[in-house]
Amino acid sequence: PQKLQNGEENMWPEQLPNGKIKFFERYKNPYTNKWRRVSVTLETDTSRARKKAQRILDKKIKLKLISLSTSDMTLLELYNMWFPYYKKLVKRSSWIKVEPMMKHIYRYIPKDVLIAKIDEDLVYKLIDNMYTFGTLSLNYTKQTRTTLSTMLNFAVSKKLISSNPVLKTKVTPKKEEEARIRKRIEDKYLENEEFKQILEYMYSKPKRKTHALISEVLYLTGLRYGELQALRVRDYDGKTLSVNGTLDYTSVKISEAKKTTPKNLYSYRKIDLPNRVIEIIEEFLLENRLLVKGYSDDSFIFLASHKKNPLSLRSFNSVLASTEEELHFKKHLTSHIFRHSHISLLSELNLPLKVIMERVGHSDPKTTLAIYNHVTKNARKNAIDALNKL
């Protein structure tokens with residue numbers, strides 16, 4: 001039992017019309033921070049009676065706290081309890097997205113709704129208004145649903161509710177999106193000839209040289225773009241790159257970006273470099289030392305032209321988008337297609353799946369396996385075709 005803020009004891013007596021004394025005591029629900037009270041009625045208000053009342057009330061409060069019903073916790077109260085935990089466990093780029101998503105959630109599941117009352121119907125109301133009959137994207141709706149699910153999973157782990165209703169729901173893609181979702185696996189990576197075509201075109205444009213060089217590095221290493229941006233001179237030893245972080249400039253300028261931990265534990269890795277990547281890195285280092293004042297081992301490797309900051313993802317993808325449009329290229333070009341292309345490249349070399357996953361820092365084999373199986377299937381077919389020609 002907690003004392004009131006003014007330091008007085010929680011317990012107090014009130015005389016009933018029949019002359020008996022009813023003793024009350026307040027206690028705070030640790031989950032909602034709301035005050036509750038228990039009571040006991042005795043015949044008299046004496047020192048002995050007060051001690052007896054205190055023992056009874058202490059026992060009642062103890063039982064209440066043990067078998068605490070949390071059905072009076074609201075969604076807002078759960079959020080305020082959960083978010084500090086979540087913020088400690090994920091990267092800034094993840095937790096900073098939560099507040100905008102909560103605005104959508106509160107629009108269809110009110111802040112003051114009791115979490116014990118949240119059911120599948122309420123979750124589907126959110127999904128339908130955001131996506132099914134709304135204008136928001138499939139991916140954003142899925143992310144918002146996942147945020148709500150993560151909160152309610154937390155509530156289950158704290159024994160605030162018995163189950164998570166979000167787990168019984170799903171976001172079903174609209175018919176017009178099904179074709180796009182089921183697009184061929186080939187569209188996720190570049191064939192060697194396609195990559196050469198893109199590279200030659202970019203090198204033909206002097207202003208795109210930096211972008212072309214970075215494209216080669218991504219294609220030959222499988223790095224995520226954020227991992228490439230975060231690489232400093234000290235991470236390169238002439239033969240390998242130590243991947244130990246990613247650059248986070250969510251909601252800030254690239255000049256204010258912070259190096260943070262990589263995507264997951266599997267992302268910490270050393271990458272052996274082919275000769276071409278070593279040549280490109282040496283070219284960047286030479287130019288940076290000549291043109292960037294104060295360039296040191298703590299500086300980033302892949303800088304935008306004559307600047308102290310790495311080339312931003314937006315600038316890089318913007319050039320790729322222009323290249324795609326000008327070449328009338330059929331596949332959608334973003335930085336990530338080079339990562340998938342690297343998986344394809346290693347698959348063609350018949351490297352074991354585990355080796356490929358370790359090189360690209362994959363914890364989930366889903367994407368790796370999809371590309372690997374497709375490429376090796378084609379390789380097997382080519383082998384049979386070659387044998388049939390003998």
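These legends accompany three close-up views of a predicted model.

**View 1. A positive surface patch that includes K52.** The patch is formed by R48, K51, K52 and R55. K52 lies in helix α1, which spans residues 47–66. With a relative accessibility of 42%, K52 is classed as partly exposed, because that class covers values between the limits of 20% and 50%.

**View 2. The surroundings of I185, in the loop between α7 and α8.** Helix α7 covers residues 175–181 and helix α8 covers residues 192–203, with I185 in the loop between them. The relative accessible area of I185 is 19%; I185 therefore counts as buried, the cut-off being under 20%. Apart from neighbours within four places in sequence, the residues in contact with I185 are A370, I371 and H374. One of these contacts, I371, is 186 residues away from I185 in sequence, while the C-alpha to C-alpha distance between I185 and I371 is 6.8 Å.

**View 3. The surroundings of R208, in the loop between α8 and α9.** Helix α9 runs over residues 209–221, and R208 is placed in the loop between α8 and α9. R208 has a relative accessible area of 14% and is therefore buried, as the class requires a value under 20%. When neighbours within four places in sequence are set aside, R208 is in contact with Y201 and M202. The contacts of R208 also include V319, S322, T323 and E326.

Methods: Residues are numbered from 1 along each chain as its sequence is written. This is a predicted model: local features need pLDDT of at least 70, side-chain atom pairs count only at pLDDT 80 or more; totals for chains, interfaces and linings use all residues. Side-chain values use heavy atoms; hydrogens and water are left out. Patches are made of residues with over 30% relative accessible area and no salt bridge: like charges are joined within 9 Å, nonpolar side chains (Val, Leu, Ile, Met, Phe, Trp, Tyr) within 5 Å. Accessible areas come from the Shrake-Rupley method with a 1.4 Å probe; for residues, only the protein chains shown count as cover. A salt bridge is a side-chain nitrogen of Lys or Arg within 4 Å of a carboxyl oxygen of Asp or Glu. Lys and Arg count as positive and Asp and Glu as negative; His and the chain ends are not counted. The place of a charge is taken as NZ of Lys, CZ of Arg, CG of Asp or CD of Glu. Helices (H or I, at least four residues) and strands (E, at least two) are DSSP runs, numbered from the N terminus. Buried means under 20% relative accessible area, exposed over 50%, partly exposed in between (1.4 Å probe, protein chains only). Contact means heavy atoms within 4.5 Å.
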